[in-house]
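Please look over the chain shown below before reading on, with the sequence and the model side by side. The paragraphs after it are meant to be read with both in view.

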Amino acid sequence: MYRVFEALDELVTIVEEARSVPMTSGCVVPRGDVLELLDDVRDALPQELDDAQDVLDHRDDVVSKAEAHAEQAMTGSRSEAERTVSSARAEAEQILAQAREQADELIAEARATAEQTVTTGRREYEDYIGRAQSESDRMVQAGRAAYEQSVHEGRSEQARLVADTEVVHAANSEAKRIVDQANEDGERLRSECDAYVDSRLAEFEDLLGRTLRTVGKGRQQLRSPVGAPFDYEEWSPGGSTAN
C-alpha cells in the first residue's frame, strides 16, 4: 500500500506541473509516465480490488478524449490568434492610410502657400517696378521740360542780350544739371526697388527651404514604424516674416 500512495503522489505532482491548454481548464500530461504510475498502482493494490481494473481498462479512451479535447482547444486558440492578427493588420493599414492622407494634405497646403507667396512676390515686384518706372519717366519728362524751358529762356535772353553769352552758358548748365539730377533720382529709385524685391525673394527662398524640409520629414515619417509622432516644429503655414 505504501507504493500506491507514493504513485498517487507522483501522479498529483505530474498533473499539477503539467502544461495548461490555452483557453481551457485542461492540461497536457506525459502519457508514458502516467501509464507507468497507473501500472504501479494496479500492481500494488490487493486482489480484493480487482473491480478497479475496469477503470484501468478504459484509460486509453480517457487519454484519447483528453487529447481530442486538447487538440480542439488548440485549434480554437489558433483561430482566435489568426483573427486577432488579421484585426491588428487591418487597423495598422487604416492608420497608415490616414497618415498618408494627412501627409498629402500638408504637402498640398505647403504647395498652395508657396504658390501664393510667389504670386504675391511677383505682383509686388511688378508694382514697385511700375512705380519706379513711372517716377523715373516723370522726373525725366520734368527735367526735359525744365531743360527746354531753360533753353527757351536762354535763347530769349540771348536774343535780348546778344553780347552776354554767359547767360546762355548758365542756362545750359542749369538745364543739364536738372536732367542729370532727374536721371540720378530715377536710378536711385530703381536701386531701392531692386533691393526691396531681392529681400522679399530671399524671404520666399527661406520659406521654400523650410517647406521642402518639412515635406522631406513627412515622407520619411511615412517610411517609419506606425505610430511615431510627426515633427511640426520647423514649418508653419503662417510662419512668413514678410513686412
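What follows goes from the overall layout to the nonpolar core, then to the salt bridges and a few individual residues.

This is a predicted model, and the confidence attached to it is a sensible starting point. The mean pLDDT of the chain is 76, and 80% of its residues reach 70 or more. Over residues 237–243 the pLDDT stays under 50, and for this stretch the model has 6 contacts beyond four places in sequence. The placement of residues 237–243 should accordingly be read with the value of under 50 in mind.

The secondary structure of the chain comes to 5 helices and 2 strands, and, read from the N terminus, these elements follow one another in the order α-β-β-α-α-α-α. Among the helices are α1, which covers residues 2–17, and α2, which covers residues 31–44, as well as α4, which takes in residues 59–160, and α5, which takes in residues 165–223.

How much of the chain is buried? Of its 243 residues, 18% count as buried, and the chain exposes about 17,800 Å², of which carbon and sulfur atoms supply 52%. Where contacts join residues at least 6 apart in sequence, 64% of them join residues at least 24 apart.

Which residues make up the largest nonpolar core? This core has 7 residues in all, namely V4, A7, L11, I14, V34, L37 and V41. Helices α1 and α2 each supply at least two of its residues, and the largest share, 4 residues, comes from α1. Nonpolar side chains tend to be buried together in soluble globular proteins. A view of the core from one of its members is given by V41, which, when its neighbours within four places in sequence are left aside, is in contact with V4, A7 and L8. Of these partners, V4 and A7 are themselves listed in the core.

From the core we turn to charged side chains. The structure holds 9 salt bridges, and among them is the one that R83 forms with E80, in which the closest N and O atoms are 2.3 Å apart. Why can these two side chains be brought together along a helix? R83 and E80 are 3 residues apart in helix α4, so they are separated by about one helical turn. R83 has a relative accessible area of 51% and is therefore exposed, while E80, at 38% relative accessibility, counts as partly exposed.

Further along helix α4, the side chains of D127 and R131 meet in another salt bridge, with an N to O distance of 3.2 Å. D127 and R131 are 4 residues apart in this helix, about one turn. D127 is partly exposed, with a relative accessible area of 33%, and R131, at 53%, counts as exposed.

In helix α5, R200 and E203 lie 3 residues apart, about one turn of the helix, and their side chains meet in a salt bridge at 3.6 Å, N to O. Is R200 in this pair buried or exposed? R200 is buried, with a relative accessible area of 17%, because buried here means under 20%. Its partner E203, at 24% relative accessibility, counts as partly exposed. The pair does not stand alone, since E124, R200 and E203 are linked in a network of salt bridges. Within that group, the side chain of R200 also makes a polar contact with the side chain of E124, at 2.5 Å.

Two further pairs of residues show how positions separated in sequence are placed in space. L208 is found in helix α5 and, at 30% relative accessibility, counts as partly exposed. L208 and T117 are 91 residues apart in sequence, and their C-alpha atoms are 9.5 Å apart in space. D60, which is found in helix α4, is likewise partly exposed, with a relative accessible area of 45%. The C-alpha atoms of D60 and R31, which are 29 residues apart along the chain, are separated by 9.7 Å.

Notes: Residues numbered from 1 in each chain as written. Heavy atoms only, no water. Core = buried A, V, L, I, M, F, W, Y, C linked by side-chain atoms within 4.5 Å. Buried < 20%, exposed > 50% of the residue type's maximum accessible area, 1.4 Å probe, protein only. Contact = heavy atoms within 4.5 Å. Salt bridge = Lys/Arg side-chain N within 4 Å of Asp/Glu carboxyl O. Polar contact = N/O pair within 3.5 Å; in protein donor to acceptor, adjacent residues only side chain to side chain. Areas by Shrake-Rupley, 256 points an atom, 1.4 Å probe, with all protein chains shown as cover. pLDDT = per-residue confidence, 0-100.
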